[in-house]
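Biologist: Please take me closely through one part of this model, the way its side chains pack together. I would also like to know how far the prediction can be trusted there.

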Amino acid sequence: MNDKSIKDFFDKNRSSLAVPAAMIILGIIFFCVPGGNVVNMTVRIIGILFVAIGLILAGTLLASYSVFTMVVAITLGVFGIICIAIPGTVANFVLSVIGVIIMINSLMRIYDAYRIKGKSDDFIKYVINDIITLILGIVLLVIPGHITNIVSKIIGAVIFILGISNIITVIKVYKDGKYVDDGSDVVWEE
């Protein structure tokens, strides 16, 4: 890729690269600061943000005219206070919900991969990635509050690897300043 196509790549794929980049950062945090402390700290930071957003929203002119806006502002503030007060309980609940969502998504992707069996050479690659993701979902569902240091490091490493894998996929799809169809995903060519 030349300089122009690298610039175009980042301009066109900013949103596609945001989630994998966040996964890489989250993986590094889980790996370097294992255990429940990082989760509780994250929930408290989110709680502070919710309280701040609720206060800002409640202070707007729109909130004085709209009951709905004021209800949303109060709800955000209350949820933020709950996140600050009992981060462990909130984290356990959120991690369990995320675990269920990841499991459902992985099962759907495994089924989709099974449907393309024999039609694509990348069948095994898709299945392995989805099985690893399914195991991550099960771990998040089964032991969200009892994540030991080693499990936290494993989760961090897996999230980091999945983030790198997603970035590699974005790069593979984008060649010479154009999106190409590699037969594995629906993509467009400009």
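Modeller: I call a residue buried when its relative accessible area is under 20%, exposed when it is over 50%, and partly exposed in between, using a 1.4 Å probe and the protein chains only. What you see is a predicted model, in which local features need a pLDDT of at least 70, side-chain atom pairs count only at pLDDT 80 or more, and totals for chains, interfaces and linings use all residues. Residues are numbered from 1 along each chain as its sequence is written, and side-chain values use heavy atoms, with hydrogens and water left out.

The protein averages a pLDDT (the predictor's confidence in each residue, from 0 to 100) of 75, and 72% of its residues score at least 70. Confidence is highest in α5, at 90, and lowest in strand β2, residues 178-179, where the mean is 53. Where pLDDT is low, the predicted coordinates should not be read in detail.

The protein has eight helices and two strands, taken as DSSP runs numbered from the N terminus (H or I of at least four residues for helices, E of at least two for strands). Read from the N terminus, the helices come before the strands, in the order α-α-α-α-α-α-α-α-β-β. Of the 190 residues in the protein, 28% are buried.

The largest nonpolar core, meaning buried Ala, Val, Leu, Ile, Met, Phe, Trp, Tyr and Cys residues joined through side-chain atoms within 4.5 Å, has 13 residues, and Val39, Val43, Leu136, Leu140 and Ile155 touch the most other members. Two or more residues each come from α3 (36-58), α6 (87-115), α7 (123-142) and α8 (149-173), with α6 giving the most, four residues. Leaving aside residues up to four places away in sequence, Val43 is in contact (heavy atoms within 4.5 Å) with Cys83, Pro87, Val90 and Ala91.

Among those partners of Val43, Pro87, Val90 and Ala91 also appear in the list of buried residues of α6, which continues with Leu95, Ser96, Gly99, Ile102, Ser106 and Ala113. Helix α6 has 29 residues and spans 41 Å from its first C-alpha to its last, close to the 42 Å expected at 1.5 Å a residue, where the expected span is 1.5 Å times one less than the number of residues. Ala113, buried in α6, has its C-alpha 9.4 Å from that of Lys125, 12 residues away along the chain; Lys125 lies in helix α7 and is partly exposed, at 43% relative accessible area.

The structure also holds one aromatic pair; rings of Phe, Tyr and Trp (its six-membered ring) pair if their centres lie within 6.5 Å, and planes under 30 degrees apart are stacked, over 60 edge-to-face, and the rest tilted. The partners are Phe50 and Phe79, whose ring centres are 5.3 Å apart with planes at 55°, so the pair is tilted. Because Phe50 lies in helix α3 and Phe79 in helix α5 (residues 67-85), the pair ties together parts 29 residues apart in sequence. Phe50 is partly exposed at 24% relative accessibility, and Phe79 is partly exposed too, with 36%.

Of the contacts with a separation of 6 or more, 68% join residues 24 or more positions apart. Ile161, in helix α8, and Gly27 are 134 residues apart in sequence but 8.2 Å apart in space, C-alpha to C-alpha, while Ile161 counts as exposed at 55% relative accessibility.
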